[in-house]
Amino acid sequence: MLTESVLYPINNETRQSLLLDGLWNFRFDPKDEGVIQGWNNRLPAPISMPVPSSFADFFTTKEERDYGGTFWYERELFVPREWEGSRIKVRFGSVTHRAVVYLNGVEVASHEGGFLPFTADVTEAARLGEKNILTVRANNELSEAAIPCGMTVTRPDGRKVVKGYFDFFNYSGIHRSVWLMREQEESVQDYSLSYEIGLNGGTDAAVHFQVRTNGPHPVRVTLHDEEGKEVARGEGTDGVMTVPNARLWQVRNAYLYTFTAEITDGGRVIDSYSEQVGIRTVSIEGEKICVNGKPVYLKGFGKHEDFEVLGKGFHWGVAKRDFECMKWTNANCFRTSHYPYAEEWYQFADREGFLIIDEVPAVGMLPSLMNFVDAGQGKTYSFFDRPDMPKLKQVHIAQVEEMIARDKNHPSVFAWSLFNEPETTSEFSKEYFTDVFDAARKLDPQNRPLTGALEKGGSPDGGRCHSLCDFICLNRYYGWYINGGVDFDDAEKELRAEMDRWAALKLGVPFVFTEFGADTLASEHKLPSVMWTQEYQNEYLEMTFRVFDSYDFIQGELVWNFADFQTAEGILRVNGNKKGVFTRTRQPKDAAFLLRKRWAEK
């Protein structure tokens, strides 16, 4: 089990956190010679690099934009002398895809996985009351033994090129905030909450809590409402609080309480940690997805952390614009395709009342550089019989564990997605994902539903893995990759035929379409429509919605994609994927107005 604390940094009477965002020193290391040459002590001849951000789109040469391999970050930081006697840590929101961290030349941490946080305990290496040198050796190479999957090839000139088995750009760097943190020697390491509502047929709620600390002193927990009034209290590291007349967290109508865990020594507080939480339950009731016992139809998007110049670097302004655009369309849900997003997205969703399908970076599990096309057309491959699969599964399960540990207390997160469009037609795939799902079911105190997005090969006829899912997610492109253009008239018949085959299985679970869409250039109009025009995108969506409305077990529609996003170069991509309902600069295409009208009535 994960023992490292990944709690989001806060400031209070027992904890201090200093943001280390800003301009860092940066240098590429194409020959991977930095360690031998002592770059962990001081980075020679660096350039400046903003943190958080991706590095690719700042440059004006292809070699730098498309760089694959090792690269370094460095900055000075001052550690206050008053922090003596405390634990001193550096927390990274993410470094893509792996990192080794040094302080004053001493290795203090390493981490695999580019979309989840990790901390480095620098207590022993830090020099109090003076400047310290923080250095990060990062690497963005891809392989079939880590997620997301891909490969790294070396060109004849010696330059490495990273080729993902996925349809988004391999943006790399320190994408999220970095914090210098002071914690007490004895501290709150983690907490978990779960809920019961409608106690005794009324409006009271039970809040089950577990608090993990690293010391012997007693723990006190409290819950305060939005006005700051204490509404419940508990003692110990494991127990239940009763909340009279609980205000529930509702979809698009959020109410947040503040949960606080304190370690006490008599009248003295040794450590305190607080976070906003929402009281709500999630369940699958037959063919319905229920929040607080009431069915919810999912309306929204697959998204990406992607914006011009910033790449995947988190920016509050982009998040604000995205939520305002989603609210304008009357959406209520999005999937963090195809990796866990920055924590701030979840905090925002908690406040705005959006539902999230939280997805681990298990994408690219098909041996093809164009598997978004192959997946859309239902081509079959064997992937999970390869020599690297035991290592891949170990990495996969570790990142599921880290994702759930980080996000388990967010009311917005109602489901975990454990894969996107893998090969699911072989017995090897069934064995692989059975182990992943079994591991995930042991980790979440709220027992949220587990799912994964199935490509065309994961069909009612040939797929081996849909039985693992508590609700079934389908990525389908009838009318685009299948029966597109002049064959469009056949798309609806083919989609209905597949849904009839699913219906015949009588699975009795909800279905959610987690991807469907058509590439569209915002500049293009044509009558009659042709592919890539806005008219075609609307016709595609209208056809798909007719099918959705014909099957009661379809309980959600997440359009692909919220906004245009960057991909690797290719003959099927015009400077990126253009399936966005909004442009990359977050301006609406005609389809946005179609969705706004439909979802107001849905």
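Biologist: Happy to look at this one with you! How many helices and strands does the secondary structure of the protein come to?

Modeller: Please keep in mind that this is a predicted model. Its secondary structure comes to 9 helices and 30 strands.

Biologist: And why is the protein as compact as a globular protein of that length?

Modeller: Start with the globule rule, which gives 25 Å for 602 residues. The C-alpha atoms fill a box of roughly 70 × 70 × 45 Å along the principal axes. The protein is as compact as a globular protein of that length because its radius of gyration is close to the value of the rule, at 24 Å.

Biologist: Let's turn to the barrel. Which strands close into it, and in what order?

Modeller: The barrel has 8 strands, and their pairing is parallel. Neighbouring strands of this sheet are turned against each other by 25 degrees on average, direction ignored. The order is S23-S24-S25-S26-S27-S28-S29-S30.

Biologist: Nice. Which residue in S27 is the bridge partner of Trp416?

Modeller: Strand S26 covers residues 413-420, and strand S27 covers residues 450-454. These two strands pair in the parallel sense over 3 bridges. The bridge partner of Trp416 in S27 is Leu450.

Biologist: Which helix lies across S29 and S30, and at about what angle does this helix run to S30?

Modeller: Elsewhere on the barrel strands, helix H5 (residues 389-407) lies across S25 and S26, and runs at about 165 degrees to S26. For strand S29 (511-515) and strand S30 (554-560), the helix is H8, residues 534-548. Helix H8 runs to S30 at about 165 degrees.

Biologist: Now the largest pocket. Which element gives the largest share of its lining?

Modeller: This pocket holds about 870 Å³ of space. Its lining has 34 residues, and the closest to the centre are Val162, Phe169, Thr567, Ala568 and Glu569. Helix H1 (62-65) and strand S11 (160-164) each supply at least two lining residues. The largest share, 4 residues, comes from S11.

Biologist: By class, how many charged residues does that lining have?

Modeller: The lining of the largest pocket has 15 nonpolar and 9 polar residues. Its charged residues number 10.

Biologist: Last one, on the cavities. Which residues lie nearest the centre of the second largest cavity?

Modeller: The structure holds 6 cavities of 30 Å³ or more, and the second largest has about 80 Å³ of space. By class, its lining has 5 nonpolar, 4 polar and 5 charged residues. Of the 14 lining residues, those nearest the centre are Glu305, Asp306, Gly313, Val318 and Trp345.

Note on methods. Residues are numbered from 1 along each chain as its sequence is written. This is a predicted model: local features need pLDDT of at least 70, side-chain atom pairs count only at pLDDT 80 or more; totals for chains, interfaces and linings use all residues. Side-chain values use heavy atoms; hydrogens and water are left out. On a 1 Å grid over the protein atoms alone, a cavity is a set of points where a 1.4 Å probe fits but cannot get out, and a pocket is an open set with protein on both sides within 12 Å along at least five of seven lines; lining residues have an atom within 4 Å of a point. Grid points are joined across faces, edges and corners, and a volume is the space filled by probe spheres set on the points. Ala, Val, Leu, Ile, Met, Phe, Trp, Tyr, Cys and Pro count as nonpolar, Asp, Glu, Lys and Arg as charged, and the others, Gly among them, as polar. Two strands pair if DSSP finds at least two bridges between them. Axes are lines fitted to C-alpha atoms, for helices over the stretch in contact, and angles run from 0 to 180 degrees between N-to-C directions. Contact means heavy atoms within 4.5 Å. The radius of gyration is taken over C-alpha atoms; the globule rule is 2.2 Å times the number of residues to the power 0.38.
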